[in-house]
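Dear colleague,

I am handing over the structure we spoke about, with the sequence alongside. Please open it first, and then read the notes below with the model in view.

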Amino acid sequence: MIDTFVPIKLLSRVDFPVFGRPIKATIPDLFIDVDSRLTYASCYSLFVKNLSWLPPDLRQRLKTIVPKVYQESVFSSFSLERPTTLRTNTLKTTTEDLQKTFKMGGINVQRYRPLPDAYTLIGKTTIRQLTSLDIYQKGYFYVQSLSSMLPPLFLEPQPGQEILDMTASPGSKTTQMAAIMKDTGSITALESNQVRVYKLLANLKIQGVENTKVVRTDARFFWRDHREKYDKVLLDAPCSGEGRIRFSDPSTYTHWSVKEVKRMHFLQRSLIFSALNCLRPGGLLVYSTCTLAPEENEAVIDFALTKFAGRLEIEDPPLTLPNFCPALRSFAGVEFNRSVQKAVRIYSDEKFEGFFICRIRKLG
Ligand SMILES: C[S@@+](CC[C@H](N)C(=O)[O-])C[C@H]1O[C@@H](n2cnc3c(N)ncnc32)[C@H](O)[C@@H]1O
């Protein structure tokens, strides 16, 4: 359709209506057809829609991984700004009281009823306005994506239990679990990156969490001194982030490479091996990532099932949402253990980031 392109330079941030919503982005090179009568905006829209801004390998892969019926919604979600969502910190307030406080302050929020204590920000309030509120600084709520709220709900921590959070910073899920546990029992939160340890400690303090001990360590080796010690383990693993791609934020895709996916796969294998060794028999592990890459999801669970043969059982999710999809049966010619299909895939859409969540019981 467009074959004679010349690059034009855009040096400032631009504001374009794409798919009915304005998006902001800095586009260093935009290719436009000199001879065509296409308007600049429609060239731009085409450019966004055909995903040519993504690394070519990633573009190809996504078309293979994402089932055809979800492709339209996944690919158009890349250029949408999802509404800001937040979770009440029930250690400091109740969802009802928080809603009243928002109302008095002129902040429009709407309960997201399928998840406990979750809200969507509506109307004109910006995230900047939200985070400058006194009740934000005091930790009455936590800004967190809907997908990110799911792994702790899959883990179902109970008051009094001993929980291990393998890769914890910045602490969205640690603070959520502490709130569910009413700040009782104990959470051991591991993090290898010192700067992120500070971030985690700061968030725990703001949220008023006291049942959590932070350990700066490489979680791959934690099992050596902590075998079968924990009732439940959350492994919200570092990943390539394919579920968080946003056109307006190149840092979400420019670092992506097949090599990085492979590196993550081996890191995740070491982490899940350590996590399962830390878990007491009868205990529960939740493995989650924010990527769509099967190498980092189904293949990691498949590895664990082989490594701990006969000692693990994949469980059904404890809750369901209409956008939950079963995990893949196979990818790139590799067939996964049949039970892996009980894990949940969430394909990115206008509300949810792409996620993968699996609940694994260590048999007694
Ligand atoms: C996906 S983020 C975790 C997000 C966190 N669970 C939350 O909900 O806020 C992964 C974290 O794992 C940390 N990490 C990476 N490799 C690690 C390792 N070997 N041991 C411990 N932490 C690690 C990263 O620094 C990063 O903070």
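Is Glu228 buried, exposed or partly exposed, judged by the other C-beta atoms within 10 Å? The count is 14, and Glu228 is therefore partly exposed. Please keep in mind throughout that this is a predicted model. Glu228 belongs to the loop between β11 (212-216) and β12 (230-236), and its phi is positive, at about 50°, although the residue is not a glycine.

The ligand site

The shell around the ligand holds 18 residues, of which Thr167, Ser172, Ser192, Ala219 and Asp236 come nearest. Two elements, α8 (172-180) and β10 (186-191), give two or more residues to that shell. By character, the shell around the ligand divides into six charged, seven polar and five nonpolar residues.

Helix α8 and the loops on either side of it

Since α8 contributes to the shell around the ligand, I looked at its surroundings with some care. Nine of the nine residues of α8 are buried, so the helix is largely enclosed by the rest of the structure. The buried residues are Ser172, Lys173, Thr174, Thr175, Gln176, Met177, Ala178, Ala179 and Ile180, and Ser172 is also one of the residues that come nearest to the ligand.

In the loop between β9 (162-165) and α8 sits Pro170, and the peptide bond that leads from Ser169 to Pro170 is cis, with omega near 10°.

The loop between α8 and β10 contains Lys182 and also Asp183. Lys182, which follows α8, has a positive phi near 55°, and Asp183, a residue other than glycine, likewise has a positive phi, near 60°. Lys182 has 13 C-beta neighbours inside 10 Å and so counts as partly exposed, while Asp183, with 17 C-beta neighbours inside 10 Å, also counts as partly exposed. Although Lys182 and Gly160 are 22 residues apart along the chain, their C-alpha atoms are separated by 8.9 Å.

Helices α2 and α3

In helix α2 (residues 56-65), the buried residues are Arg61, Leu62 and Ile65. Seen down the axis of α2, these buried residues fall within an arc of 100°, so they line one face of the helix. On the other side of α2, the residues Pro56, Gln60 and Thr64 are exposed.

Helix α3 (residues 68-77) can be described in a similar manner, with Val74, Phe75 and Ser77 buried. Viewed down the axis of α3, its buried residues fall within an arc of 145°, and they therefore line one face of the helix. The exposed residues Val69 and Glu72 are carried by the face of α3 turned away from its buried side.

Gln71 is likewise a residue of helix α3, and it is partly exposed because it has 14 other C-beta atoms within 10 Å. Between Gln71 and Ser348 there are 9.5 Å in space, C-alpha to C-alpha, although the two are 277 residues apart in sequence.

Helices α10 and α11, and strand β13

How do the axes of helix α10 (residues 258-278) and helix α11 (residues 298-307) cross, and at roughly what angle? The two axes come within 10 Å and cross at roughly 45°, which makes α10 oblique to α11. The crossing in which α10 passes α11 is right-handed.

Strand β13 (residues 279-289) includes Pro281, which is exposed because 10 other C-beta atoms lie within 10 Å. The C-alpha atoms of Pro281 and Leu363 are 5.6 Å apart, while the two residues are 82 apart in sequence.

If you have time for one part of the model, I would ask you to begin with the cis peptide bond from Ser169 to Pro170, and then to follow the chain through α8, whose residues are buried, to the positive phi values of Lys182 and Asp183.

With best regards

Notes
Residues numbered from 1 in each chain as written. Predicted model: local features only at pLDDT ≥ 70, side-chain atom pairs only at ≥ 80, totals over all residues. Near = placed C-beta within 6 Å. Helix = DSSP H or I, 4+ residues; strand = E, 2+ residues; numbered from the N terminus. Nonpolar A, V, L, I, M, F, W, Y, C, P; charged D, E, K, R; others polar. Buried ≥ 20, exposed ≤ 12 C-beta atoms within 10 Å, placed from the backbone. Arc of directions from axis to C-beta. Axes fitted to C-alpha atoms, helices over the stretch in contact; angles between N-to-C directions. Parallel < 35°, antiparallel > 145°, perpendicular 65-115°, else oblique. Left-handed = near helix turned anticlockwise from the far one by under 90°.
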